[in-house]
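Please open the model in your viewer and keep the sequence panel beside it. The tour below moves from one selection to the next and describes what is found at each stop.

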Amino acid sequence: MILFKTAHQLNSYIGQHKEKDKRLGFVPTMGALHKGHLSLIDRAKTENNITVCSIFINPTQFNNPEDFKRYPVTIENDIEQLIASECDVLFLPDETEIYPAGFKKRVYSLGKLETILEGYYRPGHFQGVCQVVDRLLHIVQPDTLYLGQKDYQQTMVISTLTNLTGNKTKIVVVPTLREKNGLAMSSRNLRLTHTQQERATTIYKTLVTLKNNLHTTSISVLEAVASEGLEKAGFKVDYVAIKNAKTLEAVTESKSGAMALIAATIDGIRLIDNMLLN
Ligand code: AMP
């Protein structure tokens with residue numbers, strides 16, 4: 001694996017390979033890599049000649065400065081995992097590489113996506129995500145971008161971003177990888193004790209219950225009971241929402257294409273997860 005720290009070096013490497021018509025897959029991450037991230041790398045490797053992974057903890061997408069300060073950093077372990085996965089390139093920029101002096105912040109028109117669910121509870125978060133992804137796409141120029149379903153609303157935001165900027169990169173959404181007990185793999189799980197991880201599986205169990213009861217119970221009752229169950233298990237719930245997966249609007253009478261999305265905090269650690277219900 002080749003490691004590049006500057007956009008300039010990475011650009012010239014990519015330029016050479018583009019000339020040879022090589023397909024390039026890109027997996028942007030914030031590090032603290034786990035098997036979920038590696039499933040994106042694996043998918044990119046099967047569909048491209050070159051797979052680039054980036055690790056950059058983007059300060060502009062953290063609406064909570066404490067969360068940014070406590071974000072896990074495991075760079076040596078990350079590099080070992082990327083080498084074992086046979087990732088071709090790691091882009092490991094520092095902040096000045098991504099946001100050089102004079103960098104002009106753009107405001108992205110994300111419409112409703114910015115005011116609902118994650119957009120509502122994490123003001124400014126999706127603007128930060130767009131800023132960094134716009135910049136990374138510009139530097140890496142991938143044919144295909146690989147994103148995890150775990151951050152479902154983020155996949156919709158990035159798809160809006162590429163439409164807004166006329167970027168032709170194809171987006172592939174990879175299913176969420178889970179622990180054996182159902183807990184969605186996440187870098188933030190590193191901050192959970194074993195007992196907290198056990199308790200955190202309540203989120204997955206709640207999603208399964210919502211799926212099993214979708215057609216026998218009204219949406220509002222499903223959401224309220226699920227939220228109450230999570231609160232009883234010790235979570236502070238931001239939302240339990242059943243929405244149309246394509247639009248994130250209310251589901252229709254037929255409940256087809258429904259997705260459940262949950263954001264809840266356990267002992268100060270905020271977790272999100274989602275599941276297609278039919
Ligand atoms: P992050 O490092 O958290 O910014 O995540 C980088 C990418 O990995 C994003 O596209 C995430 O959606 C994806 N990802 C995170 N967790 C998982 C998981 N458990 N399964 C699949 N993809 C994931």
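What follows is a walk through a predicted model, taken in the order sheet, helices, cores and ligand.

Begin by selecting the strands, six of which form an open sheet in the order 1-4-3-2-5-6, with parallel pairing. Strand 1 (2-4) and strand 6 (170-174) stand at the edges, and because each has a single partner strand, one side of each is left without a neighbour in the sheet. If you look along the sheet from one strand to the next, the twist averages 25 degrees.

Now select strand 2, residues 24-29, which is joined to strand 5 (residues 144-148) by two bridges, the two strands running parallel. Strand 2 is also joined to strand 3, again in parallel, by six bridges. A useful residue to pick here is Phe26, whose bridge partner in strand 5 is Leu145, while in strand 3 Phe26 stands opposite Val52. Is strand 2 mostly buried or exposed? Five of its six residues are buried, so strand 2 is largely enclosed by the rest of the structure.

Next, add the helices that lie against these strands. Helix 4 (residues 75-84) packs on the sheet and touches strand 1, strand 3 (50-55) and strand 4 (89-91), and the direction of helix 4 makes about 170 degrees with that of strand 3. Helix 8, residues 152-165, lies across strand 5 and strand 6 and runs at about 155 degrees to strand 5.

For the interior, select Leu10, Phe91, Ile98, Val140 and Leu248, which touch the most other members of the largest nonpolar core, a set of 43 residues. The largest share of this core, nine residues, comes from helix 7 (residues 125-140). Another core lies apart from it and has 25 residues, among them Ala258, Ile266, Ile269 and Met275. Returning to Ile98 and leaving aside its neighbours within four places in sequence, you will find this residue in contact with Phe56, Phe91, Pro93, Phe103, Val132, Arg135, Leu136 and Ile139.

Finally, select the ligand. Which residues are closest to the ligand? It is surrounded by 16 residues, the closest being Met30, His37, Asp151, Leu177 and Met185. An oxygen atom of the ligand is 2.6 Å from an N or O atom in the side chain of Asp151, and an oxygen atom of the ligand is 2.9 Å from a polar backbone atom of Gly148. At Met185, a polar backbone atom is 2.8 Å from a nitrogen atom of the ligand.

Terms used: Residues numbered from 1 in each chain as written. Predicted model: local features only at pLDDT ≥ 70, side-chain atom pairs only at ≥ 80, totals over all residues. Heavy atoms only, no water. Core = buried A, V, L, I, M, F, W, Y, C linked by side-chain atoms within 4.5 Å. Buried < 20%, exposed > 50% of the residue type's maximum accessible area, 1.4 Å probe, protein only. Helix = DSSP H or I, 4+ residues; strand = E, 2+ residues; numbered from the N terminus. Contact = heavy atoms within 4.5 Å. Pairing = 2+ DSSP bridges. Axes fitted to C-alpha atoms, helices over the stretch in contact; angles between N-to-C directions. Near = heavy atom within 4 Å. Polar contact = N/O pair within 3.5 Å; in protein donor to acceptor, adjacent residues only side chain to side chain.
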